[in-house]
Amino acid sequence: MRAPAGAWHEHGPSQAEGLAMAMTMPAEEAAFYQRLFESVDVVGSGTVSAQAGAEFLSRSGLPRQTLGTIWGIADANQEGLLTREGFFTAMRLIAHAQSGAFVSPELAAIP
């Protein structure tokens, strides 16, 4: 059985729920992004490399320029990789861009 959105597990929130609370993201959205993140972070480093990230993000069908803008926002420290939070940000921005929205840092805060 699945815990209700925002519910705490015995030992605190899951990683996805904790990030969802930090980003004001519905738990279902965070859980979906968590599964995607784990599929790209195959070594379990907690980050997604630029190469793996570019390959994964290109599956969105968005123009390279848009994906570059999304990467620039999601890679907040300009480290050439995405943290879990950065990956979730990129996923949310891709969803908005696929719906026709203009990508901006502020858009990452909107579900």
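Leu57 makes contacts well along the chain in this predicted model. Leaving aside neighbours within four places in sequence, Leu57 is in contact with Leu67, Trp71, Ala90, Met91 and Ile94. Leu57 also belongs to the largest nonpolar core, where it is among the four residues that touch the most other members.

**Nonpolar core**
- The largest nonpolar core has 25 residues.
- Leu57, Ile70, Phe87 and Met91 touch the most other members.
- At least two core residues come from each of H2, helix H3 (50-58), helix H4 (64-74) and H5.
- H5 gives the largest share, seven residues.
- In soluble globular proteins, nonpolar side chains tend to be buried together.

**Aromatic pairs**
- Four aromatic pairs occur in the structure.
- Phe32 and Tyr33 have ring centres 6.0 Å apart and planes at 50°. That angle is neither under 30 nor over 60 degrees, so the pair counts as tilted.
- Tyr33 also pairs with Phe88, edge-to-face, at 5.8 Å centre to centre and 70° between the planes.
- This second pair links distant parts of the chain: Tyr33 lies in helix H2 (residues 27-40) and Phe88 in helix H5 (residues 84-98), 55 residues apart.
- Phe32, Tyr33 and Phe88 together form one aromatic cluster.

**Exposure within the cluster**
- Phe32 is partly exposed, because its relative accessibility is 42%.
- Tyr33 has a relative accessible area of 6%, so it is buried.
- Phe88 is buried too, with a relative accessible area of 0%.

Methods: Residues numbered from 1 in each chain as written. Predicted model: local features only at pLDDT ≥ 70, side-chain atom pairs only at ≥ 80, totals over all residues. Heavy atoms only, no water. Phe/Tyr/Trp six-rings, centres within 6.5 Å; stacked < 30°, edge-to-face > 60°. Buried < 20%, exposed > 50% of the residue type's maximum accessible area, 1.4 Å probe, protein only. Helix = DSSP H or I, 4+ residues; strand = E, 2+ residues; numbered from the N terminus. Core = buried A, V, L, I, M, F, W, Y, C linked by side-chain atoms within 4.5 Å. Contact = heavy atoms within 4.5 Å.
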